[in-house]
Amino acid sequence: MAFFTHQVARGLASSAARSVAIKHVTIIGGGQMGAGIAQVAASTGHAVTLVDTSDQILEKSLKGIEGSLKRVVKKKFADKPEAGAEFIQSVMKNVSTSSDASSTVQGTDLVLEAIVENLPIKQGLFGGLDKVAPQHTIFASNTSSLPIADIASATQRLDRFGGLHFFNPVPVMKLVEVIGTSATSQDTFDSLLNFSKALGKTPVSCKDTPGFIVNRLLVPYMMEAIRLHERGHGSKEDIDVAMKLGAGYPMGPFELLDYVGLDTAKFIMDGWSAMDPGNPLFLQSEMLNKLVAEGKFGKKTGEGFYKYK
């Protein structure tokens, strides 16, 4: 009987999700990624509430969005400044801010988090919001490396939980990885796919495996470049030039590592190696660990594999 009741309840929840078109989005995290997602969603007519812990952070987020829109206007409305100003105004009207996530999610269709890559923090966030969000509301994480199922385990809406992994800078990058777990309902997955398309993005369907598609291929590639250099089989400069001219990549692996952040790369590899310590693709790098320990994270700190002024 308990099993039957559970199945009926889940069926009702899925039916609720099926009838929902994502019109209002709550984005948790006002950093570069969260603000970028908010900009794209607002630009495509969605009502967006951007949530963070302080008004100062949110004011900075809004300024960042407005500045990004001005750059868009310079290209799209070069000969029509008045139309460009109207465009910015209409987009900004779609964005509201709040430091109270619990009250915000009570009227939203999608909750999307873009906060620190820390599993307990993400679980705590969603576990709390699960108690106050409407039944139809879909939860999604923008994580690039953590298992979606582990984040979702803190909630009671496993069938209404998925991943939406955007790429930085969000207004420019066209790809969105849409991730479903073994418990994600098809209705939820379809809603996330359709939402991605509504944003003007190109979604790809992913399983809930380490790194999904892009990072699962990209991060081991960057790590192997470091190991190649560690073995003395190529200088970082030559490896970068080889991959740009030989493979047609816009950046070499060391340039890309500095852009992404060496601390971020190490965090991802630490997590993957802990999950699958026997996988040779996830082996640690002494050189990377040393640079991170010295606080040399790449472009954001002024030095990584290369020095920046």
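**Cores, rings and salt bridges in a predicted model**

Guide: In this predicted model, the largest nonpolar core holds 33 residues, of which Leu110, Leu164 and Phe166 touch the most other members. Helix H2, residues 32-43, gives the most to this core, with 6 residues.

Visitor: What makes a set of residues a nonpolar core?

Guide: The term asks for buried residues of the nonpolar kinds, joined through side-chain atoms within 4.5 Å. A second, separate core of 21 residues includes Met222, Ala225, Ile239 and Phe254. For Phe254, burial can be checked directly: the relative accessible area is 0%, and the limit for buried is under 20%, so Phe254 counts as buried. As a general point, nonpolar side chains in soluble globular proteins tend to be buried together.

Visitor: Which residues does Leu110 touch, leaving out those up to four places away in sequence?

Guide: Leu110 touches Ile22, His24, Val25, Thr26, Thr137, Ile138, Ala140, Leu164, Leu192 and Phe195 when those sequence neighbours are not counted.

Visitor: Why is Val111 called buried?

Guide: Val111, which lies in strand E4 (residues 110-113), has a relative accessibility of 0%, and because buried means under 20%, the term applies. With residues up to four places away in sequence left out, the contacts of Val111 include Thr26, Ile28, Phe126, Leu129 and Phe139. The C-alpha atoms of Val111 and Ile121, which are 10 residues apart along the chain, are separated by 15 Å.

Visitor: Why is the pair of Phe254 and Phe305 called edge-to-face?

Guide: A pair of aromatic rings is described by the distance of the centres and the angle of the planes. For Phe254 and Phe305 the centres are 4.9 Å apart, within the 6.5 Å that a pair requires, and the planes stand at 75 degrees, which is over 60, so the pair is edge-to-face. Phe254 lies in helix H11 and Phe305 in the segment after helix H13 (286-293), so the pair ties together parts that are 51 residues apart in sequence. Phe305 has a relative accessible area of 8%, under the 20% limit, and therefore counts as buried. A search of the whole structure finds 7 aromatic pairs, and ring pairs also link Phe126, Phe139 and Phe161 into a cluster.

Visitor: Is Tyr259 buried, partly exposed or exposed, and what makes that so?

Guide: Tyr259, found in helix H11 (residues 253-260), has 43% relative accessibility, and since partly exposed covers the range between 20% and 50%, that is the class it falls in. Together with Met251 and Val260, Tyr259 forms a nonpolar patch on the surface, with about 240 Å² of accessible area for the three residues together.

Visitor: What makes the backbone at Phe212 and at Pro169 worth a remark?

Guide: Most residues other than glycine have a negative phi, and most peptide bonds are trans. Phe212 is not a glycine, yet has a positive phi of about 60 degrees; its place is in the loop between strand E8 (202-207) and helix H9 (214-230). Phe212 is also buried, because its relative accessible area of 6% is under 20%. As for Pro169, a cis peptide bond joins Asn168 and Pro169, with omega about 0 degrees, and Pro169 lies in the loop between strand E6 (161-166) and strand E7 (175-180).

Visitor: How do you know that Lys122 and Glu113 form a salt bridge?

Guide: Their closest N and O atoms are 2.7 Å apart, and because a salt bridge requires a distance within 4 Å, the pair qualifies. Both Lys122 and Glu113 are buried. In the whole structure, a search finds 13 salt bridges.

Visitor: Why are Lys266 and Asp270 said to be separated by about one helical turn?

Guide: Lys266 and Asp270 are 4 residues apart in helix H12 (residues 262-275), which is why the separation is about one helical turn. The closest N and O atoms of this salt bridge are 3.1 Å apart, and Asp270, at 28% relative accessible area, falls between 20% and 50% and is therefore partly exposed.

Visitor: Why do Lys290 and Glu294 fall into separate accessibility classes?

Guide: Lys290 has a relative accessible area of 52%, which is over 50%, so it is exposed, whereas Glu294, at 39%, lies between the two limits and so counts as partly exposed. Their side chains meet in a salt bridge at 2.6 Å, N to O, and salt bridges that share partners join Lys290, Glu294, Lys296 and Glu303 into one network.

Terms used. Residues numbered from 1 in each chain as written. Predicted model: local features only at pLDDT ≥ 70, side-chain atom pairs only at ≥ 80, totals over all residues. Heavy atoms only, no water. Buried < 20%, exposed > 50% of the residue type's maximum accessible area, 1.4 Å probe, protein only. Helix = DSSP H or I, 4+ residues; strand = E, 2+ residues; numbered from the N terminus. Contact = heavy atoms within 4.5 Å. Patch = residues over 30% accessible without salt bridge, like charges linked within 9 Å, V, L, I, M, F, W, Y side chains within 5 Å. Areas by Shrake-Rupley, 256 points an atom, 1.4 Å probe, with all protein chains shown as cover. Phe/Tyr/Trp six-rings, centres within 6.5 Å; stacked < 30°, edge-to-face > 60°.
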